[in-house]
Amino acid sequence: MADIIQLLPDFVANQIAAGEVIQRPASVVKELVENAIDAGATQIKVNIKDAGRTLIQIIDNGCGMSDTDARMAFERHATSKIRTANDIFAIRTMGFRGEALASVAAIAEVELRTKEYDQELGTFIHISGSKILVQEPVRCDNGTNFQIKNLFFNVPARRKFLKSNPAELKHIINEIQRIALSNPDISISLHHNGSAIYELSGTNKRLRIVSIFGKSINQNLIPLDTETSVVKISGFIGQPKHAKKTFGEQFFFVNKRYMKHPFFHKAIMQCYEKILPPASFPSYFIYFEIDPADIDVNIHPTKTEIKFENESAIWQILQASVREALGKFNVVPSIDFDQSGSVEIPMPQRDFGSVHAPEIKLNPSYNPFETPTPARSFSGSHFTAKQTERPNASNWQSLYKGLEPNYDEIPAPQEKEPVQFRMEEQQTLKHSVQFKNKYILTPVKSGLMVIDQKRAHERIIYERLIQVLENNEVASQQQLFPETFELNASDATLLTSILPDLKALGFDIRNFGENSFIINGTPGVLNTSSPIEIIESLLEEYKNSSVNIQEKARETIAISLAQASAIPYGHTLKQGEINELIDNLFACQTPNFSPKGKKILSIMPLEDFEKILK
Ligand code: ADP
Ligand code: MG
């Protein structure tokens with residue numbers, strides 16, 4: 001048999017490798033901006049067209065490249081950052097694999113202009129699908145200017161896989177946010193289709209955070225500062241009472257590199273336990289500085305996951321640091337912090353098996369939410385709507401038909417009286433009870449029906465919203481006092497992109513410059529007292545929604561909105577509200593499933609009761 005193994009041609013190998021490094025336009029932005037930082041740039045400009053599909057341009061004032069280096073840079077495994085395998089353990093640069101430029105050049109058209117400071121002329125290189133088309137001397141500025149055009153032109157599968165422009169732009173904004181937060185001293189701008197999203201000048205960490213997330217975050221930031229021989233931790237955590245409904249202001253950085261670290265995230269969430277309003281997320285911006293030999297950034301091609309040698313020691317130091325900061329903010333007189341503001345952390349040399357978290361005295365009874373005002377109003381009116389004329393308003397009644405009287409014996413909690421036997425359907429309803437502030441239990445002829453209160457309410461709201469959309473009967477309830485709010489750039493872009501759809505649902509929201517918005521009206525069917533919170537939760541739900549957003553934008557928004565505004569678990573319902581909820585649920589077209597397809601109700605058959613009580 002003939003030999004069949006062949007070496008892949010370079011351009012094929014590069015294309016395959018590219019798939020790992022470059023998944024979307026944002027990956028290109030990340031790699032090129034990191035290269036600019038490695039080149040010592042203090043100013044980086046990023047210009048994007050059509051969310052990166054047509055153009056990604058990165059201009060830096062870094063060291064530039066010689067003509068040979070400019071050519072070499074596009075070879076695979078070509079890097080100026082490490083020379084020997086051992087260098088990896090001391091790496092402080094962002095890149096070192098020498099893969100990024102080779103990958104980008106394999107799947108796009110690249111124009112590079114670069115010049116070193118001491119040179120008269122720079123170098124121009126035009127490369128497309130790994131083929132060099134032009135290399136010649138050129139007059140250009142000091143530093144490097146990359147233009148990436150027609151990304152994935154030769155990988156149609158990838159191109160097709162890209163999401164909508166707002167979604168891809170959001171990825172780009174996220175990358176820029178991470179890089180800008182980890183390098184506050186560097187000036188960075190981001191323009192999309194000619195308009196500025198960020199124009200950040202070099203500053204300190206706090207001001208960089210404020211310039212990205214808006215002025216209102218400033219008084220919310222509690223500083224962290226802990227230095228030990230293992231790690232230095234600095235940055236900020238957010239005050240619990242300002243925790244947001246959206247997840248998106250949580251950042252870890254290691255040696256100026258953004259990282260994801262679910263384990264450390266958990267460490268922080270533990271510190272916030274019981275002092276956060278339900279379903280909200282605290283902000284944090286935490287910077288670790290650590291000897292590069294004690295971490296491994298090599299485990300992931302895009303390098304957002306990082307392995308720590310002393311993970312459990314750092315966990316304890318991190319918790320101590322966060323607890324101290326929270327305790328300080330708490331300003332309890334019993335806490336005796338010394339002025340230096342640092343935690344006493346015992347630091348054994350190199351052996352961390354026995355590290356203990358330092359003792360920090362916290363006021364255990366402290367509760368920043370002592371007198372919370374209910375976030376949403378769940379007065380009976382919350383459930384009211386013109387339900388009576390719905391065609392199947394009596395759906396539920398069939399469930400109760402033929403109800404054997406003696407099975408109706410689940411007494412309402414306050415009832416001490418012997419159970420009455422002759423019961424009408426309406427009275428059956430009255431015997432629905434709330435269980436664990438999460439379920440509604442109601443007797444039906446074949447057993448006991450359990451209803452998930454939140455899902456039920458989601459279904460009710462969803463069907464009303466869909467009705468609004470289908471019949472084009474937008475009813476917006478004007479706000480007496482229009483509220484303004486500010487979002488971070490990526491949420492602002494997202495919200496702007498769905499404003500027309502929100503309008504069709506009854507929201508009257510306007511953007512008034514930068515990332516600020518004003519709510520003038522909300523959908524009549526929602527009857528909410530805190531529209532800003534609903535918008536925040538909506539964005540969160542929407543971001544996490546797996547549905548193809550482009551095709552089903554309005555349905556997705558209606559689902560997200562229903563989820564965001566439904567009564568949460570843990571909310572006690574009055575008897576009247578329970579009855580209304582059941583009534584409205586069975587007036588729905590699809591009372592059995594939540595808009596996301598989860599079961600709303602289930603019946604525990606009578607036989608089961610008999611079995612368990614045998
Ligand atoms: P890596 O960053 O892992 O070294 P890249 O493929 O990203 O690999 O870049 C290859 C090399 O090209 C870098 O090591 C660097 O020497 C050079 N280079 C890339 N971008 C720039 C830039 N903006 N300014 C100066 N040199 C650069
Ligand atoms: Mg690189």
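**Exercise 1. Placing Ser-490**

In which helix is the place of Ser-490? Locate the residue, then state whether it is buried or exposed and list its contacts.

*Solution.* The model is predicted, so local features need a pLDDT (the predictor's confidence in each residue, from 0 to 100) of at least 70 and side-chain atom pairs count only at pLDDT 80 or more, whereas totals for chains, interfaces and linings use all residues. Residues are numbered from 1 along each chain as its sequence is written, chains are lettered from A and ligands numbered from 1 in the order in which they are written, and side-chain values use heavy atoms, with hydrogens and water left out.

Begin with the element: Ser-490 belongs to helix H13, residues 489-505 (helices, H or I of at least four residues, and strands, E of at least two, are DSSP runs numbered from the N terminus). Next, the relative accessible area of Ser-490 is 4%, and therefore the residue is buried (buried is under 20% relative accessible area, exposed over 50% and partly exposed in between, with a 1.4 Å probe and protein chains only). Finally, once neighbours within four places in sequence are left aside, Ser-490 is in contact with Lys-170, Ile-173, Asn-174 and Gln-177, where contact means heavy atoms within 4.5 Å.

**Exercise 2. Describing a helix pair**

Describe how H12 and H15 cross, and sort the residues of their contact by character.

*Solution.* Two packed helices are described by the angle between their axes and the distance between the axes. The axes of H12 (residues 453-471) and H15 (residues 553-565) come within 8 Å and cross at roughly 140°; such axes are lines fitted to C-alpha atoms, for helices over the stretch in contact, and angles run from 0 to 180 degrees between N-to-C directions. H12 is therefore oblique to H15, given that angles under 35 degrees count as roughly parallel, over 145 as roughly antiparallel, 65 to 115 as roughly perpendicular and the rest as oblique.

Among the residues making this contact are Ile-461, Tyr-462 and Leu-465 of H12 and Ala-558, Ile-559 and Leu-561 of H15. The residues of the contact divide into nine nonpolar, three polar and four charged (Ala, Val, Leu, Ile, Met, Phe, Trp, Tyr, Cys and Pro count as nonpolar, Asp, Glu, Lys and Arg as charged, and the others, Gly among them, as polar).

**Exercise 3. Two residues with positive phi**

Compare the settings of Ala-51 and Lys-436.

*Solution.* Most residues other than glycine have a negative phi, and most peptide bonds are trans. Ala-51, although not a glycine, has a positive phi of about 55°, and Lys-436, also not a glycine, has a positive phi of about 55°. Ala-51 lies in the loop between strand S1 (43-49) and S2, while Lys-436 is in the loop between strand S16 (433-435) and strand S17 (439-444). Ala-51 is buried, at a relative accessible area of 0%, whereas Lys-436 is exposed, at 65%.

**Exercise 4. Judging confidence**

Where in the chain is confidence lowest, and where is it highest?

*Solution.* The chain averages a pLDDT of 79, and 80% of the residues score at least 70. Confidence is lowest in helix H11 (residues 425-430), at a mean of 47, and highest in strand S2 (residues 55-60), at 98. Over residues 368-398 pLDDT stays under 50, and over residues 400-427 it also stays under 50. Where pLDDT is low, the predicted coordinates should not be read in detail.
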